[in-house]
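Visitor: I have some labels to query. Could you take me through the reasoning behind them?

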Amino acid sequence: MSAPPKEANVVVIGAGIVGNCMAYQLALHGWKDIVLLDKGPLPNPGGSTGHASNFIFLVDHSKEMTDFTLDSVRQYEELGVFTRSGGIEVARTTERVQELKRRLASSRSWGIESELLSPDQVKELVPYVAADVILGGFHTPGVGVVDSLRAGTLMREKAQELGALTVVAGTEIVGIDVDGGHARGVRTREGDIRAETVVIACGIWSPRIARMAGASIPLTPAVHQMISVGPVPLFATTVGEIEYPIVRDMDTNMYERQHGGDLEVGSYAHRPILLDPDEIPSIEEAALSPTELPFTQEDFDLQMEQALELVPDILGDERVGIRYAINGLLSLTPDGAPILGETPEVKGLWSAAAIWIKEAPGIARTVAEWMTDGTPEIDPHGSDIARFYDHQRTAAHVRSRSAEGFNKTYGIVHPMEQWSSNRDVRLSPFNARERELGAVFFEAAGWERPYWYGSNEELLGEFGERVMPRDGEWESRWWSPVINAEHLAMRDHAGLVDLSAFTIFDVTGPGAPAFLQRVAVAQMDVPVGRVVYTSLLNAAGGIRADLTIMRLRPDAFRVVTGGHSGMVDRKWLIDHLPADGSAQLHDATSAWCTVGVWGPRARDVVGSVTDDDVSNEGFPFATCRPVTLGTVRALASRISYVGELGWEIYAPIEQGARLWDLLWEAGRPHGLVPVGIGAYAVTGRLEKSYRAHGNELDLEHDLVEAGMARPSVKDEDFVGRDAYLKQRSQEPIRRLCTLTVDDPTSSTGVKRYMMGREPIITGDGAPVLDAKGRRSYVTSAGSGPSLGAHLLMSYLPSEIATPGRKLAVEYFGERYPVTVAVAGSTPVFDPENARMKG
Amino acid sequence: MEVVVCVKRVPATAGKITLTEDEVDTKFLSFAVSPHEECAVEEAVRLVEAHGGSSTVLTLGPAEAADQLRDALAMGIGEAVLLETDGTEWDAVATARAISDAVSARREQGRGLDLLLFGNESADTGDFQVGVRVAHALDLPCVTGVKALQIADGRAVAKRQVGSGWEVFEVDLPAVLTIKEGINLPRYPSVPGRLRAKKKEIERIVPERRPAGPERLRLHLPPEQERGVQILGTGPEAAPKVVEILREIGVMAQ
């Protein structure tokens, strides 16, 4: 420990598990003059690391989080601080038994050894569990515990051995210097440090520290209650920390974990108890530590009874006392994911926050790679700090969503499950009309988007079994056969789709063409009025974004991207803007509403309300131009994500209702129906084998694997070009395929439909692995009503990525036969794209 | 053996204390009873375990003091009485009068009393008064600072530590004893104990306030003590200085 130096290459603030991992990983990645600061003492400065229960369960439904965790375990094992104990998630309800089958499927998708156990088998491994209160268990032998304080110490030492690290403890940050939008250093009580790079790894204090620089890290401190009981007679002979598998009592949101002679019982079941980051006690004020607040017994009473039911032999023993009980503080975020990456507000200021012990080393490696050359191996897009919209950074949003998410920590969370708090934040001008039509709204980036329309229920009779009705309860949740009816009606006639959740950027200025040429894979030197669908790559050739760009004027382009990735794409684009100011980016999302009109009758509909030429010759595919629809001057773009003839129409937001009414009236005689996002983003897309960013497209896949490599590569340089050329020069070891489910009938005669993330296996149940050992899993799944088949997308090893190849998919513990329909990007529906280009 | 043990709810002050205008700021504090009182509770539980009978925990304080009663119930005390105040500070005289009243009333109802236990002093005001005043009011013998206790044949043998020896008192029961930390090692409550405590009824009595002693006007914090760390040296060279200091503070013979 020492006084702060005057200068550093990077200052890491916070010496909990995250800060220690960051300092170590930066040192491994060649950084020198790293300073690690904390206001508290070492090795336990008083943050959440100091009271963490330190166990690591491996399986999460999110691949990103699982990858972080697996990498973390590898690192902890290398340091010799990981003790394998095994872990069992137990089920008390039949719903949970089903969920455990889903957990098993996820473990197979991500390549983790695990198995389902009967109650007696659970008891064999954990003799103190009451087998009669459970229905089964999900056992992962690779689960274990880690000494996170020791890990931190070892990592600091290793970074110091590399001659890269100065550790400064007991030194409080009082400010962060920012100049010209860039971090320039930190101010401490013991002196200032000049540094162009600053990492905030301050856990629950992160919002406070970020605010010093004018940046925001939208998390909230929240209470997690934990008690420790002992001495447990059964544990008297245990050598070391743990002998019995950790038990997660999923249905009561609790865990029971041996810790030497004690049993720790923790809960995520109590009411959400959130604190303001400014309400955290100081080190001096805190009785134990700032993150170990006084236990509130009444919040734990029910949990104690429930824990007693599961573990009566230990907790019912009068000799076993409650020796420690805390309201421990941890970080919650509005969407449950960590907050990683460079802040959009301040260059050089990085966040590594809302991270648990189980994932800290893997995340630190990822962030260090990102900081070093911008090419992390694990794609952190779900955790990118840039993902938040302004409204998602407000205290009200953070509190309401974090509170809602807290009790889902061990919950059975449906992949389509919607948030109930803080809704109706962003409403399109069509919203009133949509409500009249009985729209069922799902949220995207704060926008309320109709997922289907109640008014279309009348179509169900018309299409009968073609809507592929679902009898499985799970896949019927957050779903309606009306989605498929809308799909069919659109393919038969025409559909009207609210696309106002698009994020729209206008890029202008004399440097705009060169700027976009430099970030886009596609040729951007196109005539005015062309629409270009393109990927953006990072330097390693990973897929950073997937969007469309319209050339409106010689020096003006409109970039349209999805709401989910809008803010991340915005930061990427801004970061690459020319330094000379010759191109500007303006976020025009709040200026334009968007409606899609698609289907064989779309030309009739649009043609009836405009005098402009909308013929195929007059308005060819992949072009855009201003059109006048009644009194509305709009921009129309002839592209489609559903494979039909038609346009995206962009209008001033205040004229949106007028535009909707105009198209609605004009469309009715042609059979136009309102179509929700369920048909737009799932069924229509999958039938056309269109890829979605975040599902098929991410940094871990390349354009060749995705089947999106174009016939030639433009001569102009662009980000990722070298890597892309290299990718093209080799045969891909995996290829993205579209598969059809041959027979969705389960053993009990129910038709079951996969939702995505399920493992692809061989007909006899063996995992499908590519040459690098990566498993194949379903990246997207949904109905193909026009094909009469359930559709799946998956990256398959190239040697089996051939049409007609028979495989299987595992769903709720059963195996369903599937066939590769298409390898590559040829659509399964209308492979010639005749409908769209007609 | 009928035992009543009295406790007082106080802020648990392991951290730095801050004051609001006229109170201790308890925003970050939990509440507890003094270590002496914890030992008195443990002693009461053990006495009933050894001799049979029943135990009662009693406190005078705000409604929230029920938490401290439940803590005692969780350790094995049988019943609980709350002399519920509106949260204002009661001086030692008023407190002693209210407790005397309550204990007398119990005896008039025919409830037995063999031992009335207090902590040696409360953790916050440290008056050392309430136990003695209650004994006087009830005309019962009183031994303070008790660190060892035996009960036999209707008499209590209570010991106080004096220097390196013991003072031994024999008193008839019923008697009042103020217990000092060290008499026992209090148990941690078990989970079943906690659950039983949660379900128990607490008898609530509104006491009459008759203040007569000194009253608290305001609180102020004493000047902060210097918490200087002195490094005596490193390696074997530091040893003589360490020995010197150990002698100075009396943990090593001169």
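Guide: What follows is a set of short questions and answers on a predicted model.

Visitor: What makes helix H14 of chain A roughly perpendicular to helix H19 of chain A?

Guide: Take the angle. H14(A), residues 481-492, and H19(A), residues 677-687, pack at about 75°. Angles from 65 to 115 degrees count as roughly perpendicular, so this pair qualifies. Their axes are 9 Å apart.

Visitor: Which residues make the contact between H14(A) and H19(A)?

Guide: H14(A) brings Ile483(A), Asn484(A), Glu486(A), His487(A) and Met490(A). H19(A) brings Gly678(A), Ala679(A), Thr683(A) and Gly684(A). By class, that is 3 nonpolar, 5 polar and 1 charged residues. Gly counts as polar here.

Visitor: How do you know that helix H6 of chain B lies largely in the open?

Guide: Count its buried residues. A residue needs 20 or more other C-beta atoms within 10 Å of its own to be buried. Of the 10 residues in H6(B), 239-248, the number that are buried is 0, so the helix lies largely in the open. Gly250(B) follows H6(B), with a positive phi near 85°.

Visitor: Which residues have the most contacts inside the largest nonpolar core?

Guide: They are Ile13(A), Met22(A), Ile34(A), Ile200(A) and Ala352(A), in a core of 262 residues. Helix H1 of chain A, residues 17-28, gives the largest share, 8 residues. A second, separate core has 55 residues, among them Val81(B) and Ile183(B).

Visitor: What does Ile200(A) touch?

Guide: Leaving out residues up to four places away in sequence, its contacts include Ile13(A), Ile209(A), Trp350(A) and Ala352(A).

Notes. Residues are numbered from 1 along each chain as its sequence is written. Chains are lettered from A and ligands numbered from 1 in the order in which they are written. This is a predicted model: local features need pLDDT of at least 70, side-chain atom pairs count only at pLDDT 80 or more; totals for chains, interfaces and linings use all residues. A residue is buried if 20 or more other C-beta atoms lie within 10 Å of its own, exposed if 12 or fewer, and partly exposed in between; C-beta atoms are placed from the backbone. Helices (H or I, at least four residues) and strands (E, at least two) are DSSP runs, numbered from the N terminus. A nonpolar core is a set of buried Ala, Val, Leu, Ile, Met, Phe, Trp, Tyr and Cys residues joined through C-beta atoms within 7 Å. Two residues are in contact if their C-beta atoms, placed from the backbone, lie within 7 Å. Axes are lines fitted to C-alpha atoms, for helices over the stretch in contact, and angles run from 0 to 180 degrees between N-to-C directions.
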